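Reader: I would like to learn how to read a model like this one, feature by feature. Where should we begin?

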Amino acid sequence: MKRTTIFNLFYVVLAGGIMLTASCTKKFGEINTDRNTIATVGSAELPFLFAKAEATAVPNIWNYQVAQNLFADQYAQYFACTATYFPSDRLNIRMDWVGAAFNPIYTDMVPQLQSIFKSSDPNSAENALANIVWVLGFHRVTDYWGPIPYSKAGEPGNSVPYDAQDKIYDDFFKRLTAAVTVLKTKTSETPYGSFDLIYAGNVNKWIKFANSLRLRLALRISKVDPTRAKSEAEAAVASGVLTSSPSEDALLAKSEAGSDNNGLSIMSDWNEFRMSAAMESVLGGYADPRLSVYFLPDGATKANPNGNGQYDGLRNGLTSTQLTDAKNAATANAKVGKRWSSPDFGGNANYLTTPQNIMSVAESFFNRAEGALLGWNMGGTAKDLYESGIATSMAQWGITDGAAIAAYQQSTAVPKAPADYLNSPAVSTAPVKWGATVTQQKEQIAIQKWIAMFPDGNEAWADYRRGRNFILYPIANSENADITNTSTQWIRRIPFLLSEKQNNKTAVEAAAGLLGGADKVTTPLWWDKN
């Protein structure tokens with residue numbers, strides 16, 4: 001018997017309901033109508049649908065750990081595992097976990113947005129915002145797997161086809177361009193109002209966000225399609241990108257109501273992850289003032305929020321045996337910062353409702369800086385945009401001392417050897433101060449963007465694979481049969497889900513031909529040309 005996929009389960013349930021009620025009495029309408037349900041979707045329901053779509057377009061609440069923290073956050077080397085029972089840090093991927101980065105997009109985001117598409121004017125601000133959130137959600141999924149169900153997502157059928165990544169990106173650019181065109185005629189409106197969990201219906205901010213997302217995606221394809229990348233990036237910047245922090249930083253509001261908490265905050269006190277050695281090397285070596293914002297000192301508690309005053313990290317990929325060493329214990333390494341930690345560890349009382357980071361203004365400055373190095377018209381020089389990115393990131397995290405920021409921008413300090421369990425060397429030799437060669441300048445931009453995007457491991461891992469301008473530490477130990485030399489191999493994608501191979505077999509087999517290689521972690525995505 002054919003098995004249905006998550007994309008058409010709704011239609012199976014619906015069909016079963018029709019068959020069942022067909023045998024009811026002649027008083028069908030009276031008996032079988034629930035007067036408390038919504039018979040049709042109208043303008044009054046759209047804000048609720050949009051809020052749900054926004055909340056599920058990114059890994060959230062309980063999904064956060066198994067969708068992002070155990071995978072992208074570690075592969076970006078923001079954090080490293082201290083728990084012996086998590087194999088993902090050693091590249092052993094649990095398919096029953098990572099599905100949390102895939103399934104909710106199709107079961108929670110897509111139905112809401114498709115209802116909005118069907119029930120709103122295509123030229124309305126509401127429709128435009130829905131298209132932007134569509135791209136926000138799907139670009140994270142395709143950048144994990146490559147080919148994914150896209151153009152037919154949500155449609156009925158026993159097999160839902162996968163689309164090639166280049167086709168998906170083409171649609172992303174078209175949607176973002178069209179959405180901005182519409183929104184520029186709606187700047188006096190406040191679509192969805194307070195139900196918009198990111199910008200509360202501020203159209204001007206949504207325009208800048210959409211253009212910044214377009215710029216991000218343009219840079220992503222800069223090696224595989226440089227002509228298209230330049231055109232999209234220049235058009236995005238000309239139309240207006242994010243420039244002012246913290247007022248324009250894209251943050252997803254969180255609430256105690258319905259336990260809609262910040263996913264990173266939920267898991268922070270479980271003591272299963274700590275600062276990575278790469279973070280220690282860079283932030284510690286630079287004497288970066290963001291270090292004490294991003295992390296709490298080793299052993300911080302309510303009674304002693306300063307712990308031992310040190311910020312230590314550990315290498316990614318330590319074995320279960322290595323993790324039992326006292327030097328790798330959670331209490332011996334730096335915990336995620338106050339805004340994501342409970343008062344029991346010296347954190348904030350409202351840590352569970354800390355807004356979730358979606359996109360920083362600083363990222364757009366660094367993307368423009370790299371674009372300028374590529375010869376694109378980014379509205380400034382690479383050096384000026386780089387230094388503006390640093391200042392903007394500092395402002396985002398509450399660091400406003402102009403003299404201290406200027407000194408940091410001109411600092412010749414370099415990353416340090418982290419003095420970790422493996423006695424690792426410094427992860428880089430690049431100083432903060434703008435370098436003399438393009439190669440070094442690209443590395444500096446990559447490092448500062450990596451710092452600024454914290455804690456968004458999804459984007460940090462994607463950008464790392466795309467650029468490789470700044471090289472992180474090799475994974476200490478691989479438990480993945482496809483990565484036998486961690487010095488020359490690295491994880492480039494997530495293999496297709498086992499559940500999809502079982503339930504959507506025909507489509508997955510066809511999708512393998514769109515990869516350009518085997519369904520392995522070592523096969524690069526379409527835009528990955530390193």
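Author: With a definition: two residues are in contact when heavy atoms lie within 4.5 Å. Keep in mind that this is a predicted model. For one case of contact, take helix H20, residues 457–467. The cover over its buried residues includes helix H4 (63–69), helix H5 (72–75), helix H8 (125–145), helix H10 (203–220), helix H16 (361–373) and helix H19 (438–452).

Reader: How many residues of H20 are buried?

Author: Buried means under 20% relative accessible area. In H20, 11 of 11 residues are buried. Among them are Trp461 and Tyr464, along with the charged-type residues Glu459, Asp463, Arg465 and Arg466.

Reader: What do the ends of H20 look like?

Author: Just after H20, Arg468 has a positive phi of about 55°. On the other side, Pro455 sits in the loop between H19 and H20. The peptide bond from Phe454 to Pro455 is cis, with omega near 5°.

Reader: Where is Pro246, and what is the peptide bond from Ser245 to Pro246?

Author: That bond is cis, with omega near 10°. Pro246 belongs to the loop between helix H11 (226–239) and strand S4 (250–252).

Reader: How should I read a positive phi in a residue other than glycine, for instance in Tyr192?

Author: Read the angle together with the location and the exposure. Tyr192 has phi near 70° and is found in the loop between helix H9 (165–183) and H10. With a relative accessible area of 7%, Tyr192 is buried.

Reader: Is Asn271 buried or partly exposed?

Author: Asn271 is partly exposed, because its relative accessible area is 29% and the partly exposed class runs between 20% and 50%. Its phi is near 60°, again positive in a residue other than glycine. Asn271 lies in the loop between helix H12 (263–268) and strand S5 (273–275).

Reader: What about the nonpolar core?

Author: In soluble globular proteins, nonpolar side chains tend to be buried together. Here the largest nonpolar core has 148 residues, and those touching the most other members are Phe138, Trp145, Trp206, Phe209, Phe295 and Trp450. H8 supplies the largest share of this core, with 13 residues.

Reader: Which residues does Phe295 contact, leaving aside neighbours within four places in sequence?

Author: Phe295 is in contact with Tyr78, Phe79, Met275, Met279, Leu283, Tyr311, Ala334, Lys335, Val336, Gly337 and Phe454. Phe454 has already come up, as the residue before the cis bond to Pro455.

Reader: How do I read the chain as a whole?

Author: Start with the secondary structure: the chain has 22 helices and eight strands. Then compare the radius of gyration with the globule rule. For 530 residues a compact globule would have a value near 24 Å, and the chain has 23 Å, so the two agree. Along the principal axes, the C-alpha atoms fill a box of roughly 80 × 50 × 50 Å.

Reader: And contacts, burial and surface?

Author: Among contacts with a separation of 6 or more, 74% join residues 24 or more positions apart. Of the 530 residues, 56% count as buried. The exposed area is about 20700 Å², and carbon and sulfur atoms supply 53% of it.

Reader: How far apart are the mean positions of the positive and negative charges?

Author: They are 3 Å apart, for 48 positive and 49 negative charges.

Notes: Residues numbered from 1 in each chain as written. Heavy atoms only, no water. Helix = DSSP H or I, 4+ residues; strand = E, 2+ residues; numbered from the N terminus. Rg over C-alpha atoms; globule rule 2.2 N^0.38 Å. Buried < 20%, exposed > 50% of the residue type's maximum accessible area, 1.4 Å probe, protein only. Areas by Shrake-Rupley, 256 points an atom, 1.4 Å probe, with all protein chains shown as cover. Charge placed at Lys NZ, Arg CZ, Asp CG, Glu CD. Core = buried A, V, L, I, M, F, W, Y, C linked by side-chain atoms within 4.5 Å.
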